[in-house]
Amino acid sequence: MALFITFEGGEGSGKSSALKKIIAYFEEQNIPYILTREPGGTPIGEDIRNILLSSQNKNMDIRTEALLFAASRRQHLKEKIWPALEKNIYVLCDRYLDSSLAYQGNARGLGIDEVLDVNRFATEDSLPDLTFFFDIAPEKGLERIAQNESREVNRLDKEALDFHHKVYDGYVKLAKRYPKRIVRIDASQDLEHVVQDCLKVLKERMEQE
Ligand code: TYD
């Protein structure tokens, strides 16, 4: 059976760069996969993404924010993720549920369990089979994005350092809560080693299937 794999972490944790290298493995091995992201992943989801990340929407209420992320996720599951898994196609997703739990639940202060409740409704309890948590100190991650001039700075990037610490603490709590599903990767290493660590875990899990 194909697996549903998600990639999580704070700003500048290097998920997206690692993902580009990880898909090279799927290509080489001829393993069918899709690469997708949240918020977004579908035309409706991309519209919701624009509302969520626009720097103009400064007065968005935090529950509205949580609901919009969940709405984008619902559409994504229905239109893209479930159909792929049914066809035995691997799903590699840049952010998913844990982002909402860490950002809206822990960092915004809505509560991890409250945000989980909303997402239970949205996802009908669809959890990933495997989640990589790209573990890097928030200061280091933010330093990386400051150096990357091609990266667009969005509404959430602009939050204060304290917010990014709470995001990080949220992920640490989640890794403790879901020790089987969430695997911590030392994302302070160079990209090559980060990719190697992910592939090692991935290959082990794929062999078990
Ligand atoms: P994106 O540009 O995709 O950031 P990154 O490269 O860091 O993945 O922007 C997504 C932003 O949305 C990011 O700041 C994390 C945030 N987010 C949430 O707050 N909640 C969520 O449920 C998701 C999926 C993302």
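This briefing covers the ligand site of a predicted model and two residues, K15 and R73. The ligand occupies the largest pocket, where 16 residues surround it. Both K15 and R73 are buried, and each has a side-chain polar contact to another residue, D94 for K15 and N119 for R73.

**Ligand shell**

- The closest of the 16 residues around the ligand are E11, K15, R95, S100 and Q104.
- Helices α2 (43-53), α3 (62-86) and α4 (97-107) each contribute at least two residues to the shell.
- Helix α4 provides the largest share of the shell, with four residues.

**Polar contacts to the ligand**

- In R95, an N or O atom of the side chain is 2.7 Å from an oxygen atom of the ligand.
- In R73, a polar side-chain atom lies 2.9 Å from a ligand oxygen atom.
- In R49, the corresponding distance from a polar side-chain atom to an oxygen atom of the ligand is 3.1 Å.
- The ligand exposes 550 Å² when taken alone, and the protein buries 92% of that area.

**K15**

- K15 is located in helix α1, which spans residues 15-28.
- The relative accessible area of K15 is 8%, so this residue counts as buried, the cut-off being under 20%.
- The side chains of K15 and D94 are joined by a polar contact of 2.7 Å.
- Leaving out residues up to four places away in sequence, K15 touches F7, E8, G9, D94, R95 and F134.
- D94, the polar partner of K15, is thus listed among the residues that K15 touches, as is R95, whose side chain has an N or O atom 2.7 Å from a ligand oxygen atom.
- K15 is also one of the closest residues to the ligand.

**R73**

- R73 belongs to helix α3, one of the helices that supply at least two residues of the ligand shell.
- With a relative accessible area of 1%, R73 falls under the 20% cut-off and is therefore buried.
- A polar contact of 2.7 Å links the side chain of R73 to that of N119.
- Apart from residues up to four places away in sequence, R73 touches E38, Y96, L97, S100, N119 and T123.
- Among these contacts of R73, S100 is one of the closest residues to the ligand.
- The side chain of R73 thus has polar atoms placed 2.9 Å from a ligand oxygen atom and in a 2.7 Å polar contact with N119.

Notes. Residues numbered from 1 in each chain as written. Predicted model: local features only at pLDDT ≥ 70, side-chain atom pairs only at ≥ 80, totals over all residues. Heavy atoms only, no water. Buried < 20%, exposed > 50% of the residue type's maximum accessible area, 1.4 Å probe, protein only. Polar contact = N/O pair within 3.5 Å; in protein donor to acceptor, adjacent residues only side chain to side chain. Contact = heavy atoms within 4.5 Å. Near = heavy atom within 4 Å. Areas by Shrake-Rupley, 256 points an atom, 1.4 Å probe, with all protein chains shown as cover. 1 Å grid on protein atoms, 1.4 Å probe; cavity = no way out; pocket = protein on both sides within 12 Å on 5 of 7 lines; lining within 4 Å. Sits in = over half its atoms within 2 Å of the grid points.
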